[in-house]
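Please open the model in a viewer and keep the selection panel at hand. The tour below proceeds from the whole chain to individual side chains.

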Amino acid sequence: LLQVISLSHEYEAVRGGGGDSPTAAEYSLDLARQITASRQTRAETYLETTAAHLEKNGLQVDKSVRQGSALENITHFVAENGIDLIVMSTHGRSGLERVLVGSVTDRVLRSSQVPVLAIPPED
């Protein structure tokens with residue numbers, strides 16, 4: 001299982017709150033670190049819960065949380081671990097929201113060297 005944390009929220013906190021003051025910049029950097037740590041913890045908890053469910057059904061599960069570009073991290077993870085099938089959940093975005101926000105799943109589908117199975121959200 002792989003979860004990638006995009007750091008865009010953290011970068012915005014640092015960029016938006018830095019101002020000219022060293023104190024404000026330090027506060028913004030500290031805020032970015034707190035946001036990252038919180039998101040890391042949530043991702044780890046989510047993967048633990050998901051892994052426990054899969055392991056109950058007899059599957060062996062490895063977990064990894066990475067930070068940065070989703071596409072780059074997924075691509076590297078696949079290559080590093082000899083993955084031969086990517087299974088991804090989607091957010092179910094459509095229309096304008098999908099165009100504006102983009103879709104990691106779409107980018108992975110277009111660039112992957114291995115098959116990708118995209119699972120839509122449950123209603």
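Display the protein chain as a cartoon and follow it from the N terminus: its elements run β-α-α-β-α-β-α-α-β. This comes to 5 helices and 4 strands, where helices (H or I, at least four residues) and strands (E, at least two) are DSSP runs, numbered from the N terminus. The model is predicted, with local features requiring pLDDT of at least 70 and side-chain atom pairs counting only at pLDDT 80 or more, while totals for chains, interfaces and linings use all residues. Residues are numbered from 1 along each chain as its sequence is written, and side-chain values use heavy atoms, with hydrogens and water left out.

**Whole chain.** Colour the 123 residues by relative accessibility: 24% of them count as buried. Here buried means under 20% relative accessible area, exposed over 50%, and partly exposed in between (1.4 Å probe, protein chains only). Switching to a surface shows about 8800 Å² exposed by the protein chain, with 53% supplied by carbon and sulfur atoms; accessible areas come from the Shrake-Rupley method with a 1.4 Å probe, and for residues only the protein chains shown count as cover. For contacts (heavy atoms within 4.5 Å), consider pairs of residues at least 6 apart in sequence: 63% of these join residues at least 24 apart.

**Helix H3.** Select residues 70–81. Helix H3 has 12 residues and spans 16 Å from its first C-alpha to its last, close to the expected 16 Å, a value obtained as 1.5 Å times one less than the number of residues. Which residues of H3 are buried? They are Asn 73, Ile 74, Phe 77 and Val 78. Looking down the axis of H3, one finds these buried residues within an arc of 130°, so they line one face of the helix; the arc is that of the directions from the helix axis to the C-beta atoms. Add strands E1 (2–5), E2 (64–67) and E3 (86–89) and helix H5 (104–111), which are among the elements covering the buried residues of H3. Then rotate to the face turned away from the buried side, where the exposed residues Glu 72, Ala 79 and Glu 80 are found. Gly 82 follows H3 and has a positive phi, near 60°.

**Salt bridges.** Show the side chains of Glu 80 and Arg 66, which meet in a salt bridge at 2.7 Å, N to O. Glu 80 belongs to helix H3 and Arg 66 to strand E2, so the pair ties together parts 14 residues apart in sequence. A salt bridge is a side-chain nitrogen of Lys or Arg within 4 Å of a carboxyl oxygen of Asp or Glu, and a search of the whole structure finds 2. Select next Lys 63 and Glu 48, whose side chains form a salt bridge at 3.8 Å, N to O. This pair links distant parts of the chain, 15 residues apart: Lys 63 is in the loop between helix H2 (22–56) and E2, and Glu 48 is in helix H2. Lys 63 is partly exposed at 36% relative accessible area, and Glu 48 is partly exposed at 47%.

**Nonpolar patch.** Select Leu 85, Val 87, Leu 117 and Ile 119, which form a nonpolar surface patch with about 330 Å² of accessible area together. Patches are made of residues with over 30% relative accessible area and no salt bridge, like charges being joined within 9 Å and nonpolar side chains (Val, Leu, Ile, Met, Phe, Trp, Tyr) within 5 Å. Leu 85 is in the loop between H3 and E3 and counts as partly exposed at 42% relative accessibility.

**Thr 105.** Finish in helix H5 with Thr 105, which is buried at 7% relative accessible area. Leaving aside neighbours within four places in sequence, Thr 105 is in contact with Met 88, Ser 89, Thr 90 and Ala 118.
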